[in-house]
Amino acid sequence: MRSFIIAGVLIIWYVMQLMLQEKALRHVDGDGSGYYAYLTAVLIHRTTDLTPVLEAEKKRHSLDYMAHYFHKADQKLINKFYMGTALMMLPFFLAAWVFSWISGMPLDGYNIVFQYGVSLAAAFWLAIGLLATRRLLSLFGLPTKAILPSLAILVFGTNLFHYTFLQPSHSHVYSFAAIASFLTYTRLYFLHQQSRHFVLASVFFGLVLLIRPSNGLILFASAVVAGSADNLLSGIRYALSHVRMLLRGIAITLLIIGLQIIYNYPLTGRIFLWTYQNEGFNFLQPAFFQFLFSFRKGFFVYTPLMLLSLAGIVVVWKQNRWMAGSFILFFLLLVYILSSWWNWFYGDSFGMRAMVDFYSLLAIPMAMLVASLQERRILSLLIFPVIAVLVVLNLFQTWQYKAGIIHPDSMNAQKYRHVFLKWGEEYRNVLGAMAEPLFGNNLGGLIASYTNSMEHSRNPWTFNGIQPSDNAFSGSHVAQMNQSNIYSPTLVLQKDDILPTESDIYVKASVQYLEQEPNAALDALLVYAVADSSQQVVFYKTFRIKEMPDSITETWRTFETGFRVPAWDGKAAEIKVYIWNKERKQFQLDDFHINFYNINEK
């Protein structure tokens, strides 16, 4: 089975690269750029300071790039992400470097060979994770005929596929492999109480922490894989009575975590460093049910086959109540912690990506359910076709996400229904975004507020398209958008209007709009643009003012949003905020409000 799994992963990887073609040049993107940054900093730029990496990343991205994973600490640029993912990519990065050097390709860390190296790294660790999960399941006495379908469900029926083959630079497949290996060796330790299993479990636990410290929660799943209270207590007693083994395991874990300290200390002079600046947990307000069931990112909405894991608890309960109870408690703890993160939907992502890391554990009750179904022919004839349909649905929605049909972070029930099972060009990139969230009370004081009621023109607004109307939202004037007027009245802030700020700024904007023909404002964009003293645009961010297509006309509706932009510094000579009528359709605007706030940096 080992050769079958490895060969299968490699075939899928090869087919995906053929399908992606030039899109493979974006394997390192999004959060993945942050995880990958350690490699380019040290091995390309020969420094631990991430400033040259930031400059290189700016050239690769559009003008709205803000490098949210880099922060200043003691005047040095640090990475909020930990280095475990980069460490697991390292052999493939080195191979790509050697190949690029021999073939005369640029040694920049981003050419197509490096991109393929990252995607191959993800495929390799997927195979390792699957092999570890296969061994873990076999240690519970499950037969191969139940294990193989369960592994297939993990690969093709969940977003593990997406985070291996479409966004391979993200941390999730690497965490999946590390956690699967940790659980396997932990299970072996509780079964046989051998020091080598304890040490290997310690190695992978250290790696779990070095990838994503919050995933250290997996330690509490030891009660599940122990299999019984007796096994758990016996294993703990054995560790306490074999002090040398215990200390060796702890030392190995600390040494692996210490790699992060070795990297950060020369930069900041600090041993302990909270790298997730201005982010944290809201333990008193967990988004528990949204995390599981919302159409924005709900775990069971976008990965419905994981309901098999919960259904499998019934089977586990009949066989081993300790395991079932331990699993339920751990699952509740896991969802509580993950849903307490300030950005509970985890930004741009396909489905609930934070759960991908723990799929090897969830595979245990799933595989037990599969084994039970295989013994019930009539029931299996009913259930397995449903599983096959849901696998196809997952792969289709994975494609929808990649094609821009499913919005990366702002879905809701109405949007989900609109694009469900849709594939036409008219469904691509038509959904608008919700306001960007901020952690806690990070919204600071009001810097400036501007309103254009369209009743008269005055600085700092232009007067594009303003005309009398008997149907104005308020007053007696509107801004008419049409083929000859594609830019709304524009807020124009000049150098003297721009008060320098130390931190980033949060912009709140709202406007009333009325469509005179169906979906006239569908492609209209709110634009925030910053130019330097030479009139070169240095930052440019846009938002759709309409969230989704509909047939409503001659009705005033509200668009409002909020978003983060870079601090106003000496480079900003002019700032403009306006509505761009991209498709030159007919609609009207009224009551344009724009507020600028400080963001409290902590």
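**Note on the predicted model**

1. Start with one pair of residues. Ser-449 has Asn-595 as its bridge partner in strand E12. The model is predicted, and this pair is a good way into its strands. The link belongs to an antiparallel pairing: strand E3 (residues 443–452) is joined to E12 by seven bridges.

2. E12 has further partners. Strand E5 (residues 477–481) pairs with E12 through three bridges, again in the antiparallel sense. Within E12, Phe-587 is the bridge partner of Met-481. Strand E7 also runs antiparallel to E12, and 10 bridges join the two. Here Val-507 stands opposite Phe-596 of E12.

3. How much of E12 is buried? Strand E12 covers residues 587–599, and 10 of its 13 residues are buried. The strand is mostly covered.

4. Now follow E7 to another partner. Strand E7 (residues 505–515) pairs with E10 over 10 bridges, and the sense is antiparallel. Tyr-513 faces Arg-557, which lies in E10. E7 therefore deserves a look from both sides when you turn the model: it is joined to E12 and it pairs with E10.

5. Why is E10 described as largely enclosed by the rest of the structure? Strand E10 spans residues 556–565, and seven of its 10 residues are buried, so the rest of the structure largely encloses it.

6. Next, the whole protein. It has 19 helices and 12 strands. Its radius of gyration is 27 Å, close to the 25 Å that the globule rule gives for 602 residues, so the protein is as compact as a globular protein of that length. The C-alpha trace spans about 85 × 60 × 55 Å along its principal axes.

7. Burial and contacts come next. Of the 602 residues, 56% are buried. Take the contacts between residues at least 6 apart in sequence: 78% of them join residues at least 24 apart.

8. The surface and the charges can be put briefly. About 26,200 Å² is exposed, and carbon and sulfur atoms supply 61% of that area. There are 46 positive and 38 negative side chains. The centres of these two sets lie 15 Å apart.

9. Turn to the helices, with Phe-114 in helix H5. Is Phe-114 buried or exposed? Its relative accessible area is 2%, and buried means under 20%, so Phe-114 is buried. Leaving aside neighbours within four places in sequence, Phe-114 is in contact with Tyr-36, Phe-93, Ala-96, Trp-97, Ser-100, Pro-106, Leu-107, Asp-108 and Gly-109. His-27 is 87 residues away along the chain, yet the C-alpha atoms of His-27 and Phe-114 are separated by 9.2 Å.

10. Arg-134 is also on H5, a helix that covers residues 112–138. Arg-134 has a relative accessible area of 26%; partly exposed means between 20% and 50%, so Arg-134 is partly exposed. Which residues does Arg-134 contact, beyond its neighbours within four places in sequence? They are Met-1, Ile-5, Ile-147 and Leu-151. Met-1 is 133 residues from Arg-134 in sequence, while their C-alpha atoms are 9.2 Å apart in space.

Conventions
Residues numbered from 1 in each chain as written. Predicted model: local features only at pLDDT ≥ 70, side-chain atom pairs only at ≥ 80, totals over all residues. Heavy atoms only, no water. Buried < 20%, exposed > 50% of the residue type's maximum accessible area, 1.4 Å probe, protein only. Helix = DSSP H or I, 4+ residues; strand = E, 2+ residues; numbered from the N terminus. Pairing = 2+ DSSP bridges. Rg over C-alpha atoms; globule rule 2.2 N^0.38 Å. Contact = heavy atoms within 4.5 Å. Areas by Shrake-Rupley, 256 points an atom, 1.4 Å probe, with all protein chains shown as cover. Lys, Arg positive; Asp, Glu negative; His and termini not counted. Charge placed at Lys NZ, Arg CZ, Asp CG, Glu CD.
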